[in-house]
Amino acid sequence: MLKGKVAIVTGGSRGIGEAIAYELASKGADIAVIYSGNVSAAEQVCRKCQEVYGVKAQAYLCNVADFEIVKQTVAQIKADFGTVHILVNNAGITRDGLVARMKEADFDAVLDTNLKGAFHMIRHCTGLFLRNREGCIINISSVSGLIGNAGQCNYAASKAGLIGLTKSVARELAPKGIRCNAIAPGFIATDMTQDQSDNPLLAQVPLGRMGTPREVAEAVAFLASADYITGEVLRVDGGIAM
Ligand code: NAI
């Protein structure tokens, strides 16, 4: 279904990003994994993409918060893969804290990675999409960006910002055959949420459980080939933000 396509997955070395890499690889896409620290984890994900799904896969060390490094990395991916068709902006961090006590550095770090990081990736991939007259961008937002979350003003602002970015880019690039959508996951069981299992908000999930990375990844694969959907925000949240 995605054979012949090249997909970049940021933060693809673990958690939701890792599941997205496998899901897109299982549909036949070649995968460029962007990671920020753990080279052996990133290389292991690539090996599984190659060995289990028979696609090309390569890992790239890249801080998405750095405009120039992203530019160089996208150029390297173009040199290695020829082009890019699908961009999944999944890299994200949290620096939770109450607004009255939040450090400026914690606000900035979260905005720089979660929101500017996505902008940097889109900015540097769009030239390739325009040349191909096709492209698909999927931004991993969060239900925090839809309904807010106490203790996460920085994170929620970054994820709400991603939704504005998604809709503006969708409108701007639709005439060029380029789609841009967002996914808003709820509680998904990953390293990021390992200390959330006793979060009282979990009791408010209508489907009564945390989601899995694979369930988010399946939504990414759906949007990657949903040719008439753009500017959408798809919740994968067990119903918590309905
Ligand atoms: P995770 O912490 O397990 O993985 C995040 C990945 O992003 C890691 O591979 C990390 O190395 C990478 N990363 C962080 N900063 C980076 C940078 N500056 N440059 C490049 N890569 C960087 O998190 P998880 O849970 O897999 O989350 C993935 C995405 O899904 C994030 O954007 C997160 O905000 C979002 N999300 C997660 C939810 C959850 O419940 N786990 C809920 C809603 C959204």
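A residue is counted as buried when its relative accessible area is under 20%. In this predicted model, 5 of the 6 residues of strand S2 meet that criterion, and the strand is therefore largely enclosed by the rest of the structure. Strand S2 (30-35) is joined to strand S1 by 5 bridges, the two strands running parallel, and within this pairing Ile31 of S2 is the bridge partner of Ala7.

These strands belong to an open sheet of 7 strands, arranged in the order S3-S2-S1-S4-S5-S6-S7 with parallel pairing. The edges of the sheet are formed by strand S3 (57-61) and strand S7 (233-236), each of which pairs on one side only, and the twist from one strand to the next averages 20°. Elsewhere in the sheet, strand S5 (residues 135-140) and strand S6 (residues 178-185) run parallel and are connected by 6 bridges, with Ile137 standing opposite Cys180 in S6. Helix H4 (residues 104-132) packs on the sheet, where it touches strand S1 (6-10), S2, strand S4 (86-89), S5 and S6, and its direction makes about 180° with that of S4. Helix H6 (residues 153-173), in turn, lies across S5, S6 and S7 and runs at about 160° to S6.

Within strand S5, Ile140 illustrates the surroundings of a single side chain in the sheet. With a relative accessibility of 4%, Ile140 counts as buried. When residues up to four places away in sequence are set aside, the contacts of Ile140 comprise Ile20, Val88, Asn89, Asn90, Lys159, Leu162, Ile183, Pro185 and Val220. By contrast with these contacts, a separation of 16 Å is found between the C-alpha atoms of Ile140 and Ile229, which stand 89 residues apart along the chain.

The cysteines were considered next. A disulfide is a covalent bond between the sulfur atoms of two cysteines. Because a disulfide is assigned to a pair of cysteine sulfur atoms within 2.5 Å, the distances between sulfur atoms decide the matter, and the count comes to 0 disulfides. Cys125 is in no disulfide, the nearest cysteine sulfur being that of Cys62 at 10.0 Å; Cys125 has a relative accessibility of 0% and therefore counts as buried. Cys180 likewise takes part in no disulfide, the nearest cysteine sulfur being that of Cys136, 8.3 Å away, and at 1% relative accessibility Cys180 also counts as buried.

Turning to the aromatic side chains, the structure holds 1 aromatic pair. The ring centres of Tyr22 and Tyr53 lie 6.5 Å apart and the ring planes meet at 40°, so the pair is classed as tilted. This pair links distant parts of the chain, since Tyr22 belongs to helix H1 (residues 15-26) and Tyr53 to helix H2 (residues 39-53), with their positions 31 residues apart in the numbering. The two tyrosines fall into separate accessibility classes: Tyr22 is buried, with a relative accessible area of 12%, whereas Tyr53 is partly exposed, with a relative accessible area of 31%. Lysine side chains are also placed over aromatic rings. Lys48 lies over the face of Tyr22 at 4.1 Å from the ring centre, and Lys56 lies over the face of Phe81, at 4.7 Å from the ring centre.

Notes
Residues numbered from 1 in each chain as written. Predicted model: local features only at pLDDT ≥ 70, side-chain atom pairs only at ≥ 80, totals over all residues. Heavy atoms only, no water. Buried < 20%, exposed > 50% of the residue type's maximum accessible area, 1.4 Å probe, protein only. Phe/Tyr/Trp six-rings, centres within 6.5 Å; stacked < 30°, edge-to-face > 60°. Helix = DSSP H or I, 4+ residues; strand = E, 2+ residues; numbered from the N terminus. Lys NZ or Arg CZ within 6 Å of the ring centre and 35° of its normal. Pairing = 2+ DSSP bridges. Axes fitted to C-alpha atoms, helices over the stretch in contact; angles between N-to-C directions. Contact = heavy atoms within 4.5 Å.
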